[in-house]
Amino acid sequence: MKIVVTDQAGEVHELEGLDGWRAMEVIRDWGLNIKAECGGACSCATCHVWVEEAWYGKLPAASDDEEDLIYSTLDQKPTSRLSCQILLSEELDGLQLTLTPSAAQT
Ligand code: FES
């Protein structure tokens, strides 16, 4: 399976992903610009992505903790999610995400 990620510079990357991995882990392991400071513990919001509208509704609902963290970012949108909370599966093959400024390493 693959995910399609647009980075902060607008460059589009097709990344090979693995069933059961978190989107954040795939993005990080392919070397894209994602801070993911807490390593996936849902406590930092530096893995914040915008999900392409058509895909957003296919994701399980965000937890209250995730929603609170998204709310704390300055660049949130209605399709914001934390990529460490997106568990990849065959149903999400082709998932399109955009890396946000708040996810960038400084
Ligand atoms: S990596 Fe920290 S909330 Fe996702």
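Which residues touch the most other members of the largest nonpolar core? The points below answer this and then work outwards.

1. **The model.** This is a predicted model. Keep that in mind while reading the points that follow.

2. **The core.** The largest nonpolar core has 29 residues. Ile3, Ile27, Ile86 and Leu95 touch the most other members. Five elements each supply at least two residues of this core: strand 1 (2-6), helix 1 (23-29), strand 3, helix 3 (64-71) and strand 5 (95-99). Helix 1 gives the most, with 4 residues.

3. **Ile86 up close.** Look at the neighbours of Ile86 in the structure. Leaving out residues up to four places away in sequence, Ile86 touches Trp21, Arg22, Ala23, Val49, Val51, Leu59, Arg81, Leu92, Leu95 and Leu97. Leu95 is on that list, and Leu95 is also one of the core members with the most contacts to other members.

4. **The sheet.** Now the strands. There are 5 in an open sheet, in the order 2-1-5-3-4. The pairing is mixed. Strand 2 (12-16) and strand 4 (80-82) are the edges, and each pairs on one side only. From one strand to the next, the twist averages 35 degrees.

5. **Who pairs with whom.** Strand 1 and strand 5 are parallel, with 4 bridges between them. Here Ile3 has Leu95 of strand 5 as its bridge partner. Strand 5 also pairs with strand 3, this time antiparallel and over 3 bridges. Val49 stands opposite Leu99 of strand 5. Strand 3 (residues 48-51) is joined to strand 4 by 3 bridges, and these two run antiparallel. Trp50 is partnered there by Ser80 of strand 4.

6. **Two faces of strand 5.** In a regular strand, side chains alternate between the two faces of the sheet. Strand 5 makes a good exercise. Its covered face holds Leu95, Leu97 and Leu99. Its uncovered face holds Gln96 and Thr98. Trace the strand residue by residue and check each side chain.

7. **Helix 3.** Which residues of helix 3 are buried? They are Glu66, Leu69 and Ile70. Seen down the helix axis, these residues fall within an arc of 100 degrees, so they line one face of helix 3. They pack against strand 4, an edge strand of the sheet. The face turned away from the buried side carries the exposed residues Asp64, Asp65, Asp68 and Tyr71.

8. **Glu66.** Is Glu66, a residue of helix 3, buried or exposed? Glu66 counts as buried because its relative accessibility is 1%, and the cut-off for buried is under 20%. Beyond residues up to four places away in sequence, Glu66 touches Cys42, Arg81, Leu82 and Gln85. Arg81 is also a contact of Ile86.

9. **Cysteines.** How many disulfides does the model have? The count is 0. A disulfide is a covalent bond between the sulfur atoms of two cysteines. Cys42 is in none. Its nearest cysteine sulfur belongs to Cys84, 5.4 Å away, whereas the cut-off for a disulfide is within 2.5 Å. Cys42 counts as buried because its relative accessibility is 16%. Glu66 is in contact with Cys42.

Definitions and conventions: Residues numbered from 1 in each chain as written. Predicted model: local features only at pLDDT ≥ 70, side-chain atom pairs only at ≥ 80, totals over all residues. Heavy atoms only, no water. Pairing = 2+ DSSP bridges. Axes fitted to C-alpha atoms, helices over the stretch in contact; angles between N-to-C directions. Buried < 20%, exposed > 50% of the residue type's maximum accessible area, 1.4 Å probe, protein only. Core = buried A, V, L, I, M, F, W, Y, C linked by side-chain atoms within 4.5 Å. Contact = heavy atoms within 4.5 Å. Arc of directions from axis to C-beta.
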